[in-house]
Each structure stands twice: as structure tokens, then as C-alpha cells.
Amino acid sequence: MEITLIRHGKPRFELKGKAKAREIGEIISRYDLSGIADEPPEHAKLRASACHVAVCSDFIRSLESAKALGFSDILLSDPVFREIATPHFKQGALTMSVDAWGVLLRCLSVIGFSRNGESLLMAKRRAQVAASTLIDMAHEHQSVLLAGHGFVNYFIAQALLARNWVGPAKPGGGYWEYGVYRYRAT
């Protein structure tokens, strides 16, 4: 059995410029509604062609990525595979670059900030459910591809490794990067 975790393609919506604290929620929403702006590289297409079925989150960039990898029929598109919801503020005039906000908010989430987002504990629990779903699909279909997202793919990988699957500690954080996980029978 095999599970491939691949990160989606480059989003059409670019996270750039400056923003006030109160504007970050809207920027995140627009990002989550965007599709992809590029095509997968050959190595990603080749990896995808070895998979029997594809699943993805319900975000457009995930769905479009699975289709760009050659899957016209997606077995499952589900919020359980969504990227970890970035915590953010609903008010505030502090202005920084969108990149700086992204780094700051992810760092704050590591130390427990989850306002208007998802706590890391909740995300890890959701990743456990996602891993179980993928394992069930691998039992049935032998080879599954998840067109997912950077942070949640990392947590899913950790859940797979803890359940006797073998693969890289990090499945790849760049667009179209992936990790392959194989079940190790004991």
C-alpha cells in the first residue's frame, strides 16, 4: 500500500503587499478561493500516474491540482484535508507585509494563538482523521494521492509515520513537492 502526499500548485492569488491586522482575514479568504496559476512539473505528473485514485481538500487550488495531475474523477474532496486555518485578528491598524503577517501568525499559532483560526491541537487531531481516511483508501485502492496543503500534509505525514508507514519526515513544502509513504508490515 502506498500514499502520496503532494502540495498543490502555485495559487493564482499572490500573498504580497502590505496589510493591516484587520485586513488579514479577508486576504486569507481570497487566497482560499483561488485556483492554481501553473502546471505540475513532469516528476509530479509521473508520480501521480502511479496512483490509482486521488483525493483532495475542498479548496479550489487542491481540486485544480488533482485535475492538473491527470485525475478527472476525484474519489473524495473533503474539508478534513484543508490547510490549517491561519489564526488572525479582526481588528487593528498595525501594518506589515503580508509575508511578515504569515510568519508572525504561524509563529503565534505554535505558542497557542488560535483566534479566528484553528489551534495546532485541533489541526493535529484533524490530521489523524485524515490519515485514517487515507489508510482506509489505501487498503481498498492500493495507491492513493492526496493533493493537499503544506502544513496539514506535514501533520498527516507524522500521523502515518507513527502508524508504521515509512517515508520522509516532511513530504515537501514547495508547490508540487511530495512525499511517498509505504506501509511496513510488522
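**Figure 1. Aromatic pairs in the predicted model.** In this predicted model, the search for ring partners gives a count of four aromatic pairs. One of them joins Y154 and F155, whose rings meet edge-to-face, with 5.4 Å from centre to centre and 65° between the planes. If you wonder where those two numbers come from, a pair of aromatic rings is described by the distance of the centres and the angle of the planes. Is F155 buried or exposed? With a relative accessibility of 14%, F155 counts as buried. Y154 is partly exposed, because its relative accessible area of 32% falls between the 20% and 50% cut-offs.

**Figure 2. W165 and Y183, a pair across two strands.** Here is another edge-to-face pair: the rings of W165 and Y183 are 5.5 Å apart, centre to centre, and their planes make an angle of 65°. W165 belongs to strand β7 (residues 165-166) and Y183 to strand β8 (residues 178-183), so this pair ties together parts that lie 18 residues apart in sequence. Look at how much of each residue can be reached from outside. W165 is buried, at a relative accessible area of 3%, whereas Y183 is partly exposed, at 38%.

**Figure 3. An aromatic cluster.** Which residues form one cluster with F89? The answer is W101 and F113, which make up one aromatic cluster together with F89.

**Figure 4. The largest pocket and its lining.** The largest pocket holds about 770 Å³ of space. Its lining is made of 28 residues, and those closest to the centre of the pocket are L15, Y31, E83, T86 and R106. Three elements give two or more residues each to this lining: α1 (24-32), α4 (98-110) and α6 (150-161). Which element gives the most? That is α4, with seven residues in the lining. Sorted by class, the lining of the largest pocket contains 13 nonpolar, eight polar and seven charged residues.

**Figure 5. R47 and E2, a salt bridge between a helix and a strand.** Now for the charged partners: side chains of opposite charge can pair when their charged atoms come close. The whole structure has eight salt bridges. In one of them, the side chains of R47 and E2 meet with 2.4 Å from N to O. This pair links distant parts of the chain, since R47 sits in helix α2 (residues 42-49) and E2 in strand β1 (residues 2-7), 45 residues apart. Are these two partners buried or exposed? R47 counts as buried at 13% relative accessibility, and E2 counts as buried at 14%. There is also a third member to find in this view: R182 is linked with E2 and R47 in a network of salt bridges.

**Figure 6. Two salt bridges that involve helix α3.** Start with E64 and R12, whose side chains meet in a salt bridge of 3.3 Å, N to O. E64 lies in helix α3 (residues 60-68), while R12 lies in the loop between β1 and β2 (18-20), and the two are 52 residues apart. E64 is partly exposed, at 27% relative accessibility. Then move to D32 and R61, which form a salt bridge with their closest N and O atoms 3.3 Å apart. D32 is in helix α1 and R61 in helix α3, so the pair ties together parts 29 residues apart in sequence. R61 is buried, with a relative accessible area of 2%.

**Figure 7. P87, a buried residue in a loop.** Where does P87 lie? You will find P87 in the loop between β4 (76-77) and β5 (95-97). Although P87 belongs to a loop, P87 counts as buried, because its 1% relative accessibility is under the 20% cut-off. From P87 to Y175 the distance is 22 Å, C-alpha to C-alpha, and the two are 88 residues apart in sequence.

**Figure 8. Stepping back to the whole protein.** The protein has six helices and eight strands. Read from the N terminus on, its elements follow the order β-β-α-α-β-α-β-β-α-α-β-α-β-β. The C-alpha atoms fill a box of roughly 55 × 35 × 25 Å along the principal axes. How does the radius of gyration fit with a compact globule? For 186 residues, such a globule would have a radius of gyration near 16 Å, and the value for the protein is 17 Å, which agrees. Of the 186 residues, 45% count as buried.

Note on methods:
Residues numbered from 1 in each chain as written. Predicted model: local features only at pLDDT ≥ 70, side-chain atom pairs only at ≥ 80, totals over all residues. Heavy atoms only, no water. Phe/Tyr/Trp six-rings, centres within 6.5 Å; stacked < 30°, edge-to-face > 60°. Buried < 20%, exposed > 50% of the residue type's maximum accessible area, 1.4 Å probe, protein only. Helix = DSSP H or I, 4+ residues; strand = E, 2+ residues; numbered from the N terminus. 1 Å grid on protein atoms, 1.4 Å probe; cavity = no way out; pocket = protein on both sides within 12 Å on 5 of 7 lines; lining within 4 Å. Points joined across faces, edges and corners; volume = space filled by probe spheres on them. Nonpolar A, V, L, I, M, F, W, Y, C, P; charged D, E, K, R; others polar. Salt bridge = Lys/Arg side-chain N within 4 Å of Asp/Glu carboxyl O. Rg over C-alpha atoms; globule rule 2.2 N^0.38 Å.
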